[in-house]
Amino acid sequence: MKVVKFGGSSLADGEQFQKVIDIVSSDSDRKVVVTSAPGKRFDGDIKVTDLLIKYANKVLNKEDFHEVYDQIISRYQEISDYYELDDSTMNTIKDKIADLATDNYIDDEHLMAAFKAHGEYMNAIMLADVLNHEGIAAKFLNPKDAGFLVGGEPNNADVLPETYSNLEKIKLDDTKIIFPGFFGYSTDGSIYTFTRGGSDITGAILSRGFHADMYENFTDVDAIYVANNHVVDHPQAIKKMSYREMRELSYAGFSVFQDEAIIPAVEGQVPVNVKNTNNPSAPGTLIVPSQFLFNPANPITGIASSKRFSALYLHRYLLNKEVGFTLKLLKIFYKYDIPYEHMPSGIDDLTIIFDKSKLNDETIKNLCNEVKEVLQPDYLEWIDDYAIIMVVGEGLAHTVDTMGEIIDSLTQNNIAIHMLNQGASRISVMIGTQSKDADKAVRAIYNTFFN
């Protein structure tokens, strides 16, 4: 059997609903359908989840919320009108959305989680009604009734182990199960949501819990591509990749969805197929749980870049002979609550790479001053112009000349390499460059291996 998840753009309006219905009805193995909240219908449109957050803030601030309430209801009414449904489902949706403003919550965080979850919640109710209206047997399954239990924090939930044993007790038949994504219930009955992209997490959990043969994740792209199509013109699609390849590439912002979202499916050894709702006949990209399940045709599977990094470079003679130098540095990071990403070093040099989104000017100033005072380097420099290129492929571990070709492709294009690192797994090469060279570097490597 298959678990099928549809993203927000796939369920944005009645026309998109029809595509989902055609996909679900075309394969009897698609027994469990996970819904997202209605997404954007056009550029400039607002996602229903964002409207619900706005609604929640209005309630918290004791402001008039009727306009945003009407906007939310109109999104579902539009779908109901498209299929000429009777009023029963819309009356349920209206009541549940209205009740959000008057229900009692433990605190503001619990309130926000409950509001956000109702985009998926109501869309699952709507999809089940539409499927039955179209003659396809379907039933809405509330996560509470399924024993879909989570812990953690109200807006950053973690699935509890007992969820999987609860799911195993549910018997599947020819009736399609429609399950809302993005949220579960705490042991005290409160709604907790996953992070953004949480419907992907729900789909992965259900895939493992139901022991699915496949987890199909429908989005609005035909496949995952070798490189960003905003950087490389018409990049090749990736037909198959391992999960650990995806993890490495996601670090540099390469993914259709959050890589961690599919961990439950990987743990359950369930393959994930990324497909396009608007072009369902396209094969998409298959993500397999184990690197041993395929032999790559190309040593490189994907190339990604991110310009979100900064670096602290320091030089001190005989650095390699000084005991405790790195420990002192780490204590400074701990004092300022700063995580670091990488720390390439030489005998007299050390570069520490940070995610600059986690820093501000004041923290950087204080950090540099304390490093100077405590460690007394001969030279210290803060570098904002820093990018990381990730070149990833299972085939890298089995070739001896690929690294040389990667380096040649950069040097021949006058791209300076600031850092070069290959992990013990040997499936990825991390390259540090100036931000201005990042896109150029991706194109150079792509052209070497794919053109």
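Gln18 sits in helix α1. The model is a predicted one. Gln18 has a relative accessible area of 23%, so this residue counts as partly exposed. Beyond its neighbours within four places in sequence, Gln18 contacts Tyr83 and Glu134. Gly395 is 377 residues away along the chain, and its C-alpha atom is separated from that of Gln18 by 41 Å.

**Helix α3 and its cover**

Tyr83, a contact of Gln18, is also one of the buried residues of α3. The others in that group are Val68, Tyr69, Ile72, Ile73, Arg75, Tyr76, Ile79 and Ser80. What lies over them? The cover includes α1 (14–25), α2 (48–60), α4 and α5.

Helix α3 runs through residues 66–83. Its 18 residues should span 26 Å at 1.5 Å a residue, and its end C-alpha atoms are 26 Å apart, so the two values agree. Just after α3 comes Glu84, with a positive phi of about 55°.

Spacing along a helix matters for reading such lists. An α-helix has 3.6 residues a turn, so residues three or four places apart point the same way.

**A residue of α2**

Leu51 belongs to helix α2. Is Leu51 buried or exposed? Its relative accessibility is 4%, so Leu51 counts as buried; the cut-off is under 20%. Leaving out neighbours within four places in sequence, Leu51 is in contact with Ile46, Val68, Gln71 and Ile72. Val68 and Ile72 are among the buried residues of α3. The C-alpha atoms of Leu51 and Gly268 are separated by 35 Å, with these positions 217 residues apart along the chain.

**Two packings of α5**

Helix α5 covers residues 108–133, and helix α4 covers residues 87–99. Helix α5 packs with α3 and with α4.

| Pair | Angle | Axes apart | Residues in contact by class |
|---|---|---|---|
| α3 and α5 | about 5° | 11 Å | six nonpolar, five polar, no charged |
| α4 and α5 | about 170° | 10 Å | seven nonpolar, two polar, two charged |

How do α3 and α5 run relative to each other? Their axes make an angle of about 5°. That makes the two helices roughly parallel. On the α3 side, the contact uses Tyr76, Ile79, Ser80 and Tyr83. On the α5 side, it uses His118, Gly119, Met122, Asn123, Met126, Val130 and His133.

The angle between α4 and α5 is about 170°. These two helices are therefore roughly antiparallel. From α4 come Thr89, Met90, Ile93, Lys96 and Ile97. From α5 come His118, Tyr121, Met122, Ile125, Met126 and Asp129. His118, Met122 and Met126 of α5 appear in the α3 contact and in the α4 contact.

**Nonpolar cores**

In soluble globular proteins, nonpolar side chains tend to be buried together. Here the largest nonpolar core has 71 residues. Which of them touch the most other members? They are Leu206, Ile287, Ile303, Ile389, Val391, Ile406 and Ile445. Strand β15 (residues 379–392) gives the most to this core, with eight residues.

Leu206 touches Val3, Val32, Val34, Phe148, Leu167 and Phe179, not counting residues up to four places away in sequence. Another core, of 50 residues, lies apart from the largest one. Among its members are Val68, Ile79, Met122 and Ala128. Val68 is also a contact of Leu51, while Ile79 and Met122 take part in the contact of α3 with α5.

Technical notes
Residues are numbered from 1 along each chain as its sequence is written. This is a predicted model: local features need pLDDT of at least 70, side-chain atom pairs count only at pLDDT 80 or more; totals for chains, interfaces and linings use all residues. Side-chain values use heavy atoms; hydrogens and water are left out. Axes are lines fitted to C-alpha atoms, for helices over the stretch in contact, and angles run from 0 to 180 degrees between N-to-C directions. Helices (H or I, at least four residues) and strands (E, at least two) are DSSP runs, numbered from the N terminus. Angles under 35 degrees count as roughly parallel, over 145 as roughly antiparallel, 65 to 115 as roughly perpendicular and the rest as oblique. Contact means heavy atoms within 4.5 Å. Ala, Val, Leu, Ile, Met, Phe, Trp, Tyr, Cys and Pro count as nonpolar, Asp, Glu, Lys and Arg as charged, and the others, Gly among them, as polar. A nonpolar core is a set of buried Ala, Val, Leu, Ile, Met, Phe, Trp, Tyr and Cys residues joined through side-chain atoms within 4.5 Å. Buried means under 20% relative accessible area, exposed over 50%, partly exposed in between (1.4 Å probe, protein chains only). The expected span of a helix is 1.5 Å times one less than its number of residues.
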